[in-house]
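Q: Can you walk me through this structure, one short question at a time?
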Amino acid sequence: MKNVFIFLMSCFCFLAVGQQEEVEQDSSFKDACYLFSHTEEMPLFGTCDLDSLSKKEQRECSDKELLNFFVENFKIPNTGCFASKLIIQWTIDKEGCAINFKDVRPLHESFTKAALNVVNKMPRWIPGKQNGKPVEVRYTFPLYWHTK
């Protein structure tokens with residue numbers, strides 16, 4: 001096993017606060033466009049068998065696969081830092097792509113770069129839904145690690 005341990009805050013990956021933020025749009029759009037941080041159906045990551053799993057099991061499987069994806073792909077830069085916390089954010093768009101990466105709690109440029117590399121490697125997600133329609137969802141991911 002690697003010398004890297006990644007721990008997540010409670011509920012794994014979500015820091016959803018149940019708020020909606022209106023995204024500025026041209027007034028010619030008929031439907032309001034929202035960026036959600038929590039939806040009726042949150043985005044799902046990975047290859048879980050969705051047909052045979054309950055909603056709770058789908059969420060658990062998605063969280064576990066996302067955690068494994070980060071463990072396998074996040075390379076901690078050699079900066080002399082032994083334990084730390086990084087909070088990153090991205091948006092899952094209506095097609096399931098991870099876009100608009102942001103380092104919420106920057107530590108060092110190299111950590112931001114390493115996290116961005118992982119987000120850029122992500123396969124498509126199953127997009128979140130609100131009222132049965134795909135919507136953009138902001139995803140916040142706290143990353144804790146300790147190296148030996």
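A: One term comes up throughout: buried means under 20% relative accessible area, exposed over 50%, and partly exposed in between, with a 1.4 Å probe and protein chains only. This is a predicted model, where local features need pLDDT of at least 70, side-chain atom pairs count only at pLDDT 80 or more, and totals for chains, interfaces and linings use all residues. Residues are numbered from 1 along each chain as its sequence is written, and side-chain values use heavy atoms, with hydrogens and water left out.

Q: What pattern does the protein follow along the sequence?
A: Helices (H or I, at least four residues) and strands (E, at least two) are DSSP runs, numbered from the N terminus. The protein has two helices and seven strands. Read in order, they give β-β-β-α-β-β-α-β-β.

Q: What share of the residues in the protein is buried?
A: The protein has 148 residues. The buried part of them comes to 39%.

Q: Which residues form the disulfide, and are they buried or exposed?
A: A disulfide is a pair of cysteine sulfur atoms within 2.5 Å. The structure holds one. Its sulfur atoms are 1.7 Å apart. The partners, both buried, are C48 and C61.

Q: Which parts of the chain does the pair of C48 and C61 link?
A: The two cysteines are 13 residues apart, and the pair links distant parts of the chain. C48 sits in the loop between β3 (34–36) and α1, while C61 sits in helix α1.

Q: Why is the disulfide of C48 and C61 called left-handed?
A: The handedness comes from the torsion about the S-S bond. The disulfide is left-handed because that torsion is about -100°.

Q: How far does α1 reach from its first C-alpha to its last?
A: Helix α1 has 19 residues. The expected span of a helix is 1.5 Å times one less than its number of residues. For α1 that is 27 Å, and the reach is close to it, at 27 Å.

Q: Which residues in α1 are buried?
A: An α-helix has 3.6 residues a turn, so residues three or four places apart point the same way. In α1 the buried residues are Q58, R59, C61, S62, D63, L66, L67, F69, F70 and N73.

Q: How many aromatic pairs does the structure hold, and how are F70 and F141 arranged?
A: Rings of Phe, Tyr and Trp (its six-membered ring) pair if their centres lie within 6.5 Å; planes under 30 degrees apart count as stacked, over 60 as edge-to-face and the rest as tilted. There are eight such pairs. F70 and F141 lie 4.3 Å centre to centre, with 20° between the planes, and are stacked.

Q: Which parts does the pair of F70 and F141 tie together?
A: F70 is buried at 0% relative accessible area, and F141 is buried at 0% too. They are 71 residues apart in sequence, so the pair ties together helix α1 and strand β7 (residues 133–146).

Q: What type of pair do W125 and Y139 form?
A: W125 is buried at 3% relative accessible area, and Y139 is buried at 0%. Their ring centres are 4.8 Å apart and the planes stand at 65°, so the pair is edge-to-face.

Q: Which residues do ring pairs link into a cluster?
A: F70 and F141 belong to it, and so do W125 and Y139. The full cluster is F45, F69, F70, W90, W125, Y139 and F141.

Q: Which residues line the largest cavity?
A: On a 1 Å grid over the protein atoms alone, a cavity is a set of points where a 1.4 Å probe fits but cannot get out, and a pocket is an open set with protein on both sides within 12 Å along at least five of seven lines; lining residues have an atom within 4 Å of a point. Grid points are joined across faces, edges and corners, and a volume is the space filled by probe spheres set on the points. The largest cavity holds about 40 Å³. Its lining is L44, F45, G46, T47, C48, L50, Q58, S62 and I126.

Q: Which helix gives the most to the lining of the second largest pocket?
A: This pocket has about 240 Å³ of space. Three lining residues come from one helix, α1 (residues 55–73).

Q: Where is N131, and is it buried or exposed?
A: N131 has a positive phi of about 55° although it is not a glycine. Most residues other than glycine have a negative phi. N131 lies in the loop between β6 and β7, and at 62% relative accessibility it is exposed.
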